[in-house]
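Dear colleague,

Please find below the structure that I am handing over to you, together with its sequence. My findings follow directly after it.

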Amino acid sequence: MASPVTPTTIAELKGLINTHPIIDNHAHNLLRNVDSTSYPLESIVSEASGLALNDTARTLAHARAVTQLSGLLDCAPTWEAIKEKRRTVDYEAWTRKCLSGTQCLLIDDGLDGEGVHPYDWHDRYTSSPSKRLVRVETLAEQTLREFAPVFKEDGSGNSLEGDLNYSAEAELFNRWSERFAGLINAAVRDPAVAGFKSIICYRSGLDIASETTGGLLLGAVKNALRGSRRDGWRYKIRDKILGDFLVCEVARIIAKSGSWKPFQFHTGLGDNDLNIRKANPAYLQDFIKENPDVPIVLLHSSYPFTREAGYLASVYKNVYLDIGEVFPMISKDGQKSVIKQCLECTPGSKLLWSTDGHWFPEGFALANMQIREVLGEVLSKCVAKGQLTVPQAADFVRDLLFENSNKLYKLNLNPIFTPTINTVGHSLGTNQETQILSEFLYRNPHVKYFRLQWVDYTNTLRLRLVTLAQMNKMVSKGTALTVTKAVLSLLQDDAPTDDFTPAGRYDLVPDWSSLRTCPGESDLPDKTPKYASVMCFFKDNKEEVDTCPRTILSRAVRRAKEEHKVDFLVGWETEVVFLNKTDLGVASETHAWSTAQSLHNHCLKALEQIVDALETSGIEVLLFHPESAPSQYEIVTGPLPPLESIDALYHTRETIARICSHHNLRATLHPKPFKDAAGTAAHMHISMAPPTEPLQNAFFAGVLSHLGSLAALTLPQAASYERLRDSCWSGGTWIAWGEENREVPVRRVDKEEAHWEVRCIDGLANAYLAAAGIISAGCMGMLEGVKLPGESCNSDPSKLTSRERNGLGITRQLPDGIGKAVDLLKVDKKLKARIGEACMAKYIIMKKAEIAALEAKTSVREWIIDRY
C-alpha cells in the first residue's frame, strides 16, 4: 500500500521519514552462531580489523552507536553494558526489533559461507521475501575449485612445477569459463536473484580492462591455481587479468539477456586490503560507457568519492548510487555531508538505500535509525531554505528508501507500513505531540474545540470535549483526561451491566494519527470548522487495557504480522437511509438502485456536503450512489490499514449524521428500517499482502469456520437478523463463499489482490471488535492450515438442493438471532482466547443485558433510529 497521506508540513514529512518501509538494496547474512567471538561486534561501526579495531571506541561513530544501542536495550551507555545486555535478551525478538520497518532485503550471500544463515532465512524478519545478490568472484572461485587439478608436492609440501601444460591449461580454462557462464546465465533467469555484485575493487581495483589475450588469461588461471595454497585452497582470484575478464563476462551476459539486472560494485571505503586510490568509481567510467545496457550500482556512497559517484549517476543513464555503509560507519556530520553531496547533482531517481548490514542485527538497526535521523534534518533545512517543497522532499524519501530499488530490481512490491526501529516500543514523545498539534493548528487556525472519542461495546460513539487552551496544556505537560472504568459497562442509555464498578479510572490517550477536522458543523458548506476529533486508547498507568476495542484490534493486526508476516487493508461501504427528521418517513419517494431520479431531491445537497466534508478531513471517497431501499444511499471510502480504516469509518458516520441534521434529515444505520425493502449493511472489504492464494484461502477458511460465533460481533442486535434473509442480496443465511456472488456472506472480489468482502456486518456492530474478530479467526485458519470448504458457490445457496449444497461444503447456517449467536460465541473458546478473554467476557455480559433491555421495549425501530 502507498503512504496514506501526502505530507504538507515538516512535521508530517518527518513522520513519513520515520515510518516509511525500507528496501535494503545491499546487505549480508546474519551469523548462525550469535555468540561467536570470531566476529567482533565493533565491526558494525568500523572497517578496521586486528589491533586497529581497538581504536574504534575513540570515534564519533562508535560514541553515537553506544548512545543509540543503549537506548534500544535499556542499559547503561557503555559498550561493555551493551555487549552484556545483548547476551541476555531474546535474540529472535531483538533481531526482529532491529530489522523493524525493513520490507525487503537484497543479500550478497557470498560472504562467510557456512558461518551465516542462508539468504531466505531472513524472510522471518521482513514483510516481503528476500532476494539474492550473486557475488561474482565467489561464484568463480567455487567453480574453479570444481575443475582444479590435484597438484603434486615435494617432501617439503611445495607444489611441483610442470603439472600443467599449455593444452591442459586451455582445456581447464574453457571448461571453467563455460561452467561459470552457464551459472551466470542461470542466475540471470532466476527470479530469486535480484542482481550481481563484484568486489574487484578489493582484488585489483576499478580500472577494468575490457579486452585480454588468450595467453594472458591462461597464465592468470595458472596463477590463481598456484596461489590457492596461500589462501588455504580457496582459489582466491587476485589476478587483475582474470578479475577483469570475469566482470566483463558477467556484463556481457546481462546485456545479451536483456534482463536489465543490476550489477553492483564495491566502491570507496573497505577493509585494509583495499587499494583506496583504485576504489574511486571514476576508474569505472570506460566500463560504464562500454556497457550501456547494464545497470551499474556504485555501492557504499563511494565514500570518500561521493561527488565522483554522484556525477557518474547524473550523466549516465545506467549508473545508480547507493547511499550505504557510511551509516553507521562515519559521524553524523559526515553522513549529512554525504547526503548533501548527493543532492548537489545526483537525480533523486538514481539514489538507493542500503545498510550493508552483516553478521549482527545491530548494524541494520543503527543504519536505519541514522538515515531517518539525518534525512529528517537535511531535508527539513532544504524545505526551510526554499530549496524543496514538502511534497518534493516526501518524493525524495519514498524514492530513496523504497521506490528506486523497487523499480531498478523489478521487485513489484507495494509499500507495507509496519512499526519501524524509530517507532517500535516507543510512545510518541510529548514534544513531538506538541509539534503535531502545532502543525495541525497552523493548517486549521479556526479550530477551538477537540472531541476526544471512543466507541463502547454497544457501538455508541462517546466523547469528551476540551477547549484549545486545555488541549495545549495537556499536550505540553504530557497529561491525559481520565474516564471511569465503568465506561465499558454501560448500555446505550447509561444503564449499568452486571460487571459495572464505581471504582477506578482509565487514561484517555489520543492516537494522533486519527486527528481530523470536523467540517459540516452548520448548513453553510463553506464554514470553517471549529471542531477537531481524535480517537483514543484506554490506558491504565501507561499500560494497555485488555478491554479497549482499539487495543484489541491493534493486537490482532500486530499478532498477524508477527506470526504470518501479513498486512491488511480495509475499506467500507457505508449504507445509510435518509429519513425526514420530523416523522421518520422516507426522504425520497421515487427511489431505486443507482437511478438518476433518486438524486432529484434535497438529499443530493446533503450528499454533496458530506463528500466535500469527508475529503476536507482527509478521507478518500471512492464513489457514492443511491442504493435499493427507499432514501438509501451508499458512500464507499478508500482502503487503509485496519485501525486507521475504522477510525475513518466512525468519522464518516458522524459526518453523515451531523450534516443530515442541518438538512432536516435523520440518517440511520438501522439494518432493516422498512419491512418490505432491502436492508442496510456495512460491508467490509479486506485485502491481504502478500496476496498468495494459500494464505488467503486459509485465512478466509478460518473466517468461515467461526462465522457463526463472529455473528455475535458483526450482527449484534435482533434487528440485524431481520435483514439477514435469503435471495435478497443480503449475503444470505448459509455459511458459504463465492466468486463475485452477493448471495453468500463472504465474497471473493479479486484473487490476485487477495481482496474479499465480508457481507454479514451492519452498522450496529462495534467495527473495531468485528474487525478484530475477523482477523483473529482468519489467523487461526492460517495457523491450522484450514481449507476453504468446497468450491466457489456461484449461485444462491438457498435455491440449491441439500445434495448440491453438501457438494460445495455448505452445511451450516448463520444463527437466526442474537441470542443464538452469543451462545455460539460463549462456547467458541479458541476464538475468545485469540481475541482476548477479558474483552469477550465483558462483551457477552453487555450483550446479555442489552438483549433483555430491548426485549422490554415496545418500539425498538424508533429506539434504534434515534441512536444509530
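Arg58 counts as exposed, because its relative accessibility is 77% and the cut-off for exposed is over 50%. Please bear in mind here and throughout that this is a predicted model. Arg58 belongs to the loop that runs between β1 and α2. Its C-alpha lies 29 Å from that of Leu379, and 321 residues separate Arg58 and Leu379 in sequence.

The sheet

The strand before that loop, β1, is part of an open sheet of eight strands, which follow the order β1-β2-β3-β4-β5-β6-β7-β8 with parallel pairing. In general, strands of a sheet pair through backbone hydrogen bonds, in either a parallel or an antiparallel manner. The edges of this sheet are formed by β1 (22-27) and β8 (351-353), each of which pairs on one side only. On average, and with direction ignored, neighbouring strands of the sheet are turned by 25° against each other.

Is the edge strand β1 enclosed or open to its surroundings? Six of the six residues of β1 are buried, so the strand is largely enclosed by the rest of the structure. Its partner is strand β2 (residues 102-108), to which β1 is joined by four bridges, the two strands running parallel. Within this pair, Ile23 stands opposite Cys104 of β2.

Elsewhere in the sheet, strand β5 (residues 263-265) and strand β6 (residues 296-298) run parallel and are joined by three bridges. Phe263 has Ile296 of β6 as its bridge partner.

Two helices that lie across strands of the sheet should also be mentioned. Helix α9 (residues 240-257) lies across β4 (193-198) and β5, and runs at about 155° to β5. Helix α11 (residues 306-315) lies across β6 and β7 (319-323), and runs at about 145° to β7.

Salt bridges

How many salt bridges does the structure hold? The count is 41. As a general point, side chains of opposite charge can pair when their charged atoms come close. I describe one group of these pairs in detail.

The side chains of Arg64 and Glu373 form a salt bridge with an N to O distance of 2.9 Å. This pair links distant parts of the chain, since Arg64 lies in helix α2 (residues 60-73) and Glu373 in helix α14 (residues 361-384), 309 residues apart. The two partners differ in their surroundings: Arg64 is buried, at 12% relative accessible area, whereas Glu373 is partly exposed, at 29%.

Glu373 also meets the side chain of Lys332 in a salt bridge, again with 2.9 Å from N to O. Lys332 lies in helix α13 (residues 332-345) and Glu373 in helix α14, so this pair ties together parts that are 41 residues apart in sequence. Lys332 is partly exposed, with a relative accessible area of 23%.

A further salt bridge is found between the side chains of Lys336 and Glu377, at 3.2 Å from N to O. Here too distant parts of the chain are linked, with Lys336 in helix α13 and Glu377 in helix α14, 41 residues apart. Lys336 is buried, with a relative accessible area of 14%, while Glu377 is partly exposed, with 28%. Through salt bridges that share partners, Arg64, Lys332, Lys336, Glu373 and Glu377 are joined into one network.

The nonpolar cores

The largest nonpolar core comprises 93 residues, and the residues with the most contacts inside it are Phe450, Leu452 and Phe538. Helix α24 (residues 767-784) makes the greatest contribution to this core, giving eleven residues. The core draws at least three residues from each of domain 2 (433-545) and domain 3 (567-866).

Which residues are in contact with Phe450, leaving aside its neighbours within four places in sequence? They are Leu437, Phe440, Leu441, Arg464, Leu465, Val466, Thr467, Leu468, Met471, Leu515 and Ala532.

Another core lies apart from the one just described. This other core has 83 residues, among them Leu139, Val193, Tyr316 and Leu379.

With kind regards

Note on methods. Residues numbered from 1 in each chain as written. Predicted model: local features only at pLDDT ≥ 70, side-chain atom pairs only at ≥ 80, totals over all residues. Heavy atoms only, no water. Core = buried A, V, L, I, M, F, W, Y, C linked by side-chain atoms within 4.5 Å. Buried < 20%, exposed > 50% of the residue type's maximum accessible area, 1.4 Å probe, protein only. Domains from an automatic or database assignment. Contact = heavy atoms within 4.5 Å. Pairing = 2+ DSSP bridges. Axes fitted to C-alpha atoms, helices over the stretch in contact; angles between N-to-C directions. Salt bridge = Lys/Arg side-chain N within 4 Å of Asp/Glu carboxyl O.
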